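User: Please take a close look at the sheet in this structure, and explain in one connected answer how its strands are arranged and what surrounds them.

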Amino acid sequence: MTTDVVLKEKEVSENLNGFSIEEVGDDHLFTGLETPMKPDAFKLSDTQKKEKIASLFSEIMDVMGLDLTDDSLKGTPQRVAKMYIEEIFSGLNPANKPKVALFDNKYQYNQMLVEKNITFYSNCEHHFVPIIGKAHVAYISSGKVIGLSKLNRIVQYYAKRPQVQERLTNQIAEELKAVLNTEDIAVIIDAKHLCVSSRGIKDDTSSTVTSFFGGQFNTPEKIAELQNTLNY
């Protein structure tokens, strides 16, 4: 092994907090709140990205030995490229961030509002296989309220990108804190990871639960009240 290769492996290990690339993938390492993006992530247009992805995915299929002249397969690279950019990874593009309007809390409703069982589909950033789950979000108004559908849209926006569940939980919470101008936010996510159930350990019965409790929700009494509401 050359000196350059050894130094490169040492640099990668240090950047990953001492973990190897393989350990990161299997141990679900979460490196920060922001989704890792290149500075020039939007240098290419969506059309250019789809063209490049289609070309590269054709190469992947060819390497695997698939016949791209077959009627069933020849459109697959373009379908995958469109799916990546317009659907399952559309949350990478800030232009797709939901526009949120706030309204005065004219009902003077000062208890917690809970939107539970928000179904979402995301993808594990370590293996690019699905994460399927439900999110529960709650807030206490600081004087303004948000349309209920916007709570769902915020969850979907952050889910539609390569993710780890811890980051997804915190990104939703931080967005709600900023939008609603309150610390009184709770987010609970219960999800199944296909990188656990369909490969590796192949455990199909477990699920992963993560939570964020801010402000008034960060007390045993409020957590218990929220859990009781979710269990109705």
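Analyst: In this predicted model, five strands come together as an open sheet with mixed pairing, and their order across the sheet is S5-S2-S3-S6-S7. The two edges are formed by strand S5 (162-163) and strand S7 (208-213), each of which pairs on one side only. As general background, strands of a sheet pair through backbone hydrogen bonds, either parallel or antiparallel. Within this sheet, strand S3 (residues 130-139) and S6 run in the antiparallel sense and are joined over nine bridges. One position in that pairing can be named exactly, since His-136 has Ile-188 as its bridge partner in S6.

His-136 also leads to a residue that repays a closer look, Ala-186, which belongs to strand S6 (residues 185-193). Although Ala-186 and His-136 are 50 residues apart in sequence, their C-alpha atoms are 8.0 Å apart in space. Leaving aside residues up to four places away in sequence, Ala-186 touches His-136, Val-137 and Ala-138, together with Phe-212, Phe-213, Phe-217 and Leu-226. Ala-186 has a relative accessibility of 1% and therefore counts as buried, the limit being under 20%.

A helix accompanies part of the sheet: helix H5 (residues 148-159) lies across S2, S3 and S5, and its direction makes an angle of about 20 degrees with S2. Tyr-157 and Tyr-158 can be considered at this point, together with the other aromatic rings. In the whole structure, a search finds three aromatic pairs. In one of them, the ring centres of Tyr-84 and Phe-89 are 5.0 Å apart and the planes meet at 65 degrees, so this pair is edge-to-face. The pair formed by Tyr-157 and Tyr-158 is edge-to-face as well, with 4.9 Å from centre to centre and 75 degrees between the planes. Tyr-157 is buried at 9% relative accessibility, and Tyr-158 is likewise buried at 9%. Tyr-157 has a further partner, for the charged end of Arg-161 sits over its ring at 5.1 Å from the centre. Turning back to Tyr-84 and Phe-89, these two residues form one aromatic cluster with Phe-128. Tyr-84 is partly exposed, with a relative accessible area of 22%, whereas Phe-89 counts as buried at 8%.

Charged side chains add links between elements, and the count for the model comes to nine salt bridges. One of them involves a loop beside the sheet: Glu-125 forms a salt bridge with Arg-167, and their closest N and O atoms are 2.6 Å apart. Because Glu-125 lies in the loop between S2 and S3 while Arg-167 lies in helix H6, this pair ties together parts that are 42 residues apart in sequence. The two partners are not equally accessible, since Glu-125 counts as partly exposed at 22%, while Arg-167 is buried with a relative accessible area of 0%. Elsewhere, salt bridges that share partners join Glu-174, Lys-177 and Glu-183 into one network.

Another salt bridge connects two strands that are not listed in the order of the five-stranded sheet. Here Lys-144 pairs with Asp-104, and the closest N and O atoms are 2.5 Å apart. Lys-144 is in strand S4 (residues 144-146) and Asp-104 is in strand S1, so their contact ties together parts separated by 40 residues in sequence. Both ends are partly exposed, Lys-144 with a relative accessible area of 35% and Asp-104 with 45%. A further salt bridge joins Asp-71 and Lys-74, whose closest N and O atoms are 3.2 Å apart, and Asp-71 counts as exposed at 64% relative accessibility.

Finally, two loops that lead into strands of the sheet deserve a comment on their backbone. As a general point, most residues other than glycine have a negative phi. Gln-108, placed in the loop between strand S1 (102-104) and strand S2 (113-124), has a positive phi near 55 degrees. Asn-181, found in the loop between helix H6 (165-180) and S6, also has a positive phi near 55 degrees. Gln-108 counts as exposed at 57% relative accessibility, and Asn-181 counts as exposed at 62%.

Terms used
Residues are numbered from 1 along each chain as its sequence is written. This is a predicted model: local features need pLDDT of at least 70, side-chain atom pairs count only at pLDDT 80 or more; totals for chains, interfaces and linings use all residues. Side-chain values use heavy atoms; hydrogens and water are left out. Helices (H or I, at least four residues) and strands (E, at least two) are DSSP runs, numbered from the N terminus. Buried means under 20% relative accessible area, exposed over 50%, partly exposed in between (1.4 Å probe, protein chains only). Contact means heavy atoms within 4.5 Å. Rings of Phe, Tyr and Trp (its six-membered ring) pair if their centres lie within 6.5 Å; planes under 30 degrees apart count as stacked, over 60 as edge-to-face and the rest as tilted. A charge sits over a ring if NZ of Lys or CZ of Arg is within 6 Å of the ring centre and within 35 degrees of the ring normal. Two strands pair if DSSP finds at least two bridges between them. Axes are lines fitted to C-alpha atoms, for helices over the stretch in contact, and angles run from 0 to 180 degrees between N-to-C directions. A salt bridge is a side-chain nitrogen of Lys or Arg within 4 Å of a carboxyl oxygen of Asp or Glu.
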